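Here is a short tour of one protein model. It starts with the whole chain and then turns to a few places within the fold.

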Amino acid sequence: MFRLFTSSGRRHSAIRRNVLPFLAGGIPSGWLIRQRPPVVIHPFYHTVSDEYLPHIHPLYRPLGRRAFEWDLDFLSRRFEAVTAGEVYRSPDNPGSRTRHAFHLSFDDGLRGVYENALPLLLRKGIPATIFINSDFTDNRQLFYRHKTALLTDKLDRTSEAVQNEAKNRIRRALQTNVRSLRAAIHALPHFRQDLLDELACLLEVDFGEYLKTRRPYLATDELREMQRKGFTIGAHSINHLPFPLLDGKEQLRQTLESCAFVRDTFREPVAYFSFPFSENGIPASFFDAIAGKVDLCFGTSGINSRYGGRLLGRIDMEQNGRNAREAIHKAFLRTQRLSRFCIFGKQSPCA
Ligand SMILES: [Zn+2]
């Protein structure tokens with residue numbers, strides 16, 4: 001039971017804080033979805049795993065096979081599964097669709113998609129697009145965020161003396177205070193790969209060995225096999241640098257070279273690109289510059305379509321609630337401008 005209030009201001013803010021989230025969360029998902037004319041939504045994941053993954057779990061928690069299957073069943077009940085090609089060939093025009101649809105995708109080209117998601121998707125007849133980073137394919141290089149995850153994963157098994165030395169090195173290199181070593185490693189910027197490698201030496205983490213023995217990313221032959229089974233391959237940049245922080249020239253290079261890699265390696269007839277981290281702040285001139293070379297782009301900003309349908313928003317299914325029902329509910333609430341009252345999850349695109 002809520003306390004009664006002594007002033008109208010406090011009463012109003014308490015209603016917003018307590019009552020409205022409760023009410024918004026209680027709106028039936030089916031009703032909420034039906035309020036919109038039929039649309040294609042684009043849910044995306046990174047990987048599926050029942051095991052602890054040292055390069056992933058310190059960053060975010062992927063779904064296990066059972067939870068992923070629950071999500072697929074939820075999506076299939078309410079939406080028709082479509083391929084990237086169907087999305088490309090039939091851009092959403094108001095009134096052109098009779099049923100809501102979903103186009104599923106995975107970012108970062110992780111091998112768990114092949115091992116754990118693929119069998120479920122094949123059994124249920126759900127197609128998907130796999131967005132890959134050209135430098136990581138075949139486990140040639142490790143994503144810098146996955147390096148930070150491996151380093152923090154090792155901290156619990158590292159002596160206090162070594163941890164103190166690691167703090168000192170970060171303090172000296174970045175001229176900053178280091179209260180929490182874990183937080184400091186997580187926050188290391190992409191342009192300090194030298195420091196990541198130095199810390200790996202100190203903490204006795206072997207990135208090369210990890211790539212060789214754990215093979216975190218998909219191999220070309222695994223991707224080709226998925227392609228033969230009806231899946232689509234798209235590009236997700238060369239090496240997953242934080243896109244909004246790059247200058248325009250580097251944004252273009254990351255986009256065009258990775259799309260060329262996918263085209264040359266997999267002979268995909270349509271060039272799809274998903275922005276690493278976020279599409280925030282990408283100017284219209286970027287889309288003019290890639291016109292004719294990249295056919296369709298995907299972001300992380302929910303249910304929306306921008307730049308004349310050339311940029312489609314997607315729903316981050318791992319960061320927006322406990323399951324697909326909550327993530328989809330939240331995404332549809334946002335389209336109704338009710339999201340500020342929503343109780344589910346947090347908004348944090350990409351890890
Ligand atoms: Zn990514």
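Of the 351 residues in the protein, 37% are buried. The model is predicted. It holds 14 helices and 12 strands. Take the contacts between residues at least 6 apart in sequence: 72% of them join residues at least 24 apart.

**Helix α11**

Helix α11 spans residues 220-228, and its buried residues are Glu 222, Leu 223 and Met 226. Seen down the axis of α11, these buried residues fall within an arc of 100 degrees, so they line one face of the helix. An α-helix has 3.6 residues a turn, so residues three or four places apart point the same way. The face turned away from the buried side of α11 carries Asp 221 and Arg 228, both exposed.

What covers the buried residues of α11? The cover includes the elements in this table.

| Element | Residues |
|---|---|
| α5 | 112-124 |
| β6 | 128-132 |
| β7 | 232-235 |
| α12 | 248-266 |

After α11 comes Gly 230. The phi of Gly 230 is positive, near 105 degrees.

**Helices α7 and α9**

Next comes a helix pair. Helix α7 covers residues 160-174, and helix α9 covers residues 193-203. They pack at an angle of about 165 degrees, with their axes 10 Å apart. An angle over 145 degrees counts as roughly antiparallel. The two helices, α7 and α9, are therefore roughly antiparallel to each other. Their crossing is right-handed.

Which residues make the contact? From α7 come Val 162, Glu 165, Ala 166, Arg 169, Ile 170 and Ala 173. From α9 come Leu 195, Glu 198, Leu 199, Leu 202 and Leu 203. Sorted by kind, the residues of the contact of α7 with α9 are eight nonpolar, three charged and no polar.

**Thr 137**

The last stop is a single residue. Thr 137 sits in the loop between β6 and α6, the latter being residues 144-155. Is Thr 137 buried or exposed? Thr 137 has 22 C-beta neighbours inside 10 Å, so it counts as buried. The cut-off for a buried residue is 20 or more.

Which residues does Thr 137 touch, leaving aside its neighbours within four places in sequence? Thr 137 is in contact with Gly 109, Ile 132, Tyr 217, Leu 218 and Thr 220. One of these partners, Gly 109, is 28 residues away from Thr 137 in sequence. In space, Thr 137 and Gly 109 are 7.1 Å apart, C-alpha to C-alpha. Another partner, Ile 132, falls within the range of β6, residues 128-132.

Technical notes
Residues are numbered from 1 along each chain as its sequence is written. This is a predicted model: local features need pLDDT of at least 70, side-chain atom pairs count only at pLDDT 80 or more; totals for chains, interfaces and linings use all residues. A residue is buried if 20 or more other C-beta atoms lie within 10 Å of its own, exposed if 12 or fewer, and partly exposed in between; C-beta atoms are placed from the backbone. Helices (H or I, at least four residues) and strands (E, at least two) are DSSP runs, numbered from the N terminus. The arc is that of the directions from the helix axis to the C-beta atoms. Two residues are in contact if their C-beta atoms, placed from the backbone, lie within 7 Å. Axes are lines fitted to C-alpha atoms, for helices over the stretch in contact, and angles run from 0 to 180 degrees between N-to-C directions. Angles under 35 degrees count as roughly parallel, over 145 as roughly antiparallel, 65 to 115 as roughly perpendicular and the rest as oblique. A crossing is left-handed if the near helix is turned anticlockwise from the far one by less than a right angle, and right-handed if clockwise. Ala, Val, Leu, Ile, Met, Phe, Trp, Tyr, Cys and Pro count as nonpolar, Asp, Glu, Lys and Arg as charged, and the others, Gly among them, as polar.
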